[in-house]
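Colleague: I am new to reading protein models, and I would like to learn how to go from a picture to careful statements about it. Could we take one chain and work through it together?

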Amino acid sequence: MHLLPLSPIMIEPLVRNALLEDLGRAGDLTTDAIVPVDRVATTILVARQGGVVAGLDLAALAFRLIEPRIEMTIHCPDGGEVVPGKTIATIGGPARGLLTAERTALNFLGHLSGIATATHSVVTAIRGHKARIVCTRKTTPGLRTIEKYAVRAGGGANHRFGLDDAVLIKDNHIAVAGGIAAAVERARAGVGHLVKIEVEVDTLDQLDEALRLGVDAVLLDNMTPEQLRQAVTMVAGRAVTEASGRITPATAPSVAATGVDLISIGWLTHSAPVLDIGLDFQ
């Protein structure tokens with residue numbers, strides 16, 4: 001897997017704001033009172049659970065913003081798998097900076113590694129099928145860029161980043177527009193020629209209508225595996241097929257076996273548990 005890192009300019013505001021939230025109005029009272037300014041230390045990031053790592057750039061930046069002299073040596077990069085007890089990185093430098101930035105660094109690293117681990121679990125479950133696992137817009141406000149990056153670190157792919165990426169006509173759009181045909185017609189009239197149009201359908205009759213309108217993709221919402229098989233047969237390659245609706249690692253294989261192109265899962269970003277990672281001073 002070739003995982004492209006996020007640009008520092010994209011993550012710096014997130015990390016800076018998190019540090020400012022922690023430092024408040026008076027800084028790190030505990031560390032500044034207890035730890036001599038000239039004390040240096042070496043620490044290691046250690047996995048307490050097995051999983052997939054994501055967020056090391058944010059962790060490193062948290063330390064550097066507090067203390068530029070802190071250096072991190074990475075032993076397991078983002079996208080790499082770890083077992084309990086494995087050393088992820090070695091970090092050394094002024095002890096004050098290490099202690100002050102510790103929680104912010106671990107918050108980002110644990111959260112994003114949890115998303116990467118959850119994604120990897122589903123990707124592994126459907127191995128051998130053509131379907132790709134994709135995330136949704138169900139992300140933590142302000143953290144969408146890095147949460148979607150974590151999905152990629154886990155071997156998944158990204159759906160829309162925002163409302164301006166593509167047209168996705170959902171059930172409420174259809175209800176307000178007065179039907180699928182009216183919604184698609186208005187969408188085509190309102191967007192540029194490079195913008196793709198996807199329509200959410202709940203039934204095979206709706207799917208038939210969407211296909212006759214020549215949409216680019218169809219979101220097959222909450223369909224049974226048998227309905228999904230019928231849908232894939234009806235589509236016959238004329239549009240991208242996306243299955244959605246409370247899909248878990250246990251149910252994903254049966255969904256993937258229907259032949260859909262994509263499986264979208266919201267809980268990857270909104271409910272994935274944190275991966276337990278610790279910072280141990282040597």
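Modeller: We shall begin with the whole chain and then turn to single helices, loops and residues.

Colleague: Before we start, what kind of model is this, and how are its residues numbered?

Modeller: This is a predicted model, in which local features need pLDDT of at least 70 and side-chain atom pairs count only at pLDDT 80 or more, while totals for chains, interfaces and linings use all residues. Residues are numbered from 1 along each chain as its sequence is written, and side-chain values use heavy atoms, with hydrogens and water left out.

Colleague: How many helices and strands are there in the chain?

Modeller: Helices (H or I, at least four residues) and strands (E, at least two) are DSSP runs, numbered from the N terminus. In this chain there are 11 helices and 12 strands, and the C-alpha atoms fill a box of roughly 70 × 40 × 25 Å along the principal axes.

Colleague: What percentage of the residues in the chain is buried?

Modeller: A residue is called buried under 20% relative accessible area, exposed over 50%, and partly exposed in between, using a 1.4 Å probe and protein chains only. Of the 282 residues in the chain, 46% are buried. For contacts, meaning heavy atoms within 4.5 Å, we can also look at sequence separation: among those with a separation of 6 or more, 70% are between residues 24 or more positions apart.

Colleague: How should I read one side of a helix, and which residues of helix 8 are buried?

Modeller: The general idea is that an α-helix has 3.6 residues a turn, so residues three or four places apart point the same way. In helix 8, which spans residues 204–212, the buried residues are L207, A210 and L211. They cover an arc of only 100 degrees around the axis, which puts them on the same side of helix 8; the arc is that of the directions from the helix axis to the C-beta atoms. On the other side of helix 8, D205 and R212 are exposed.

Colleague: What do the buried residues of helix 8 pack against?

Modeller: Their partners are helix 7 (180–190), strand 8 (197–201), strand 9 (217–221) and helix 9 (225–235). Just after helix 8 comes G214, whose phi is positive, at about 75 degrees.

Colleague: How many residues of helix 5 are buried?

Modeller: Helix 5 is mostly covered, with seven of its 10 residues buried, and among them are the charged-letter residues E147 and K148 as well as I146 and Y149. The buried residues of helix 5 pack against several elements, including helix 1 (8–23), helix 3 (56–66) and helix 4 (95–125). Just after helix 5, G155 has a positive phi of about 95 degrees.

Colleague: Where does T136 lie, and is T136 buried or exposed?

Modeller: T136 lies in the loop between strand 6 (132–134) and helix 5 (144–153), and it counts as buried because its relative accessibility is 15%. The T136 side chain reaches the backbone nitrogen of K138 at 3.0 Å, which fits the definition of a polar contact as a pair of N or O atoms within 3.5 Å; within protein, one must be able to donate a hydrogen and the other to accept it, and residues adjacent in sequence count only if both atoms are side-chain atoms. Leaving aside neighbours within four places in sequence, T136 is in contact with K148, H159, S264, I265 and G266.

Colleague: What is the phi of A236, and what is the phi of R246?Modeller: Most residues other than glycine have a negative phi, and most peptide bonds are trans. Here A236 has a positive phi near 50 degrees, and R246 has a positive phi near 55 degrees. A236 lies in the loop between helix 9 and strand 10 (240–244), and A236 is exposed, with a relative accessible area of 60%. R246 is found in the loop between strand 10 and helix 10, and R246 counts as exposed at 73% relative accessibility.

Colleague: Which residues does L262 touch?

Modeller: L262 lies in strand 11 and counts as buried at 13% relative accessibility. Not counting residues up to four places away in sequence, L262 touches R132, V134, V240, T241, E242 and A243. The C-alpha atoms of L262 and T241 are separated by 6.3 Å, although these residues are 21 apart along the chain.
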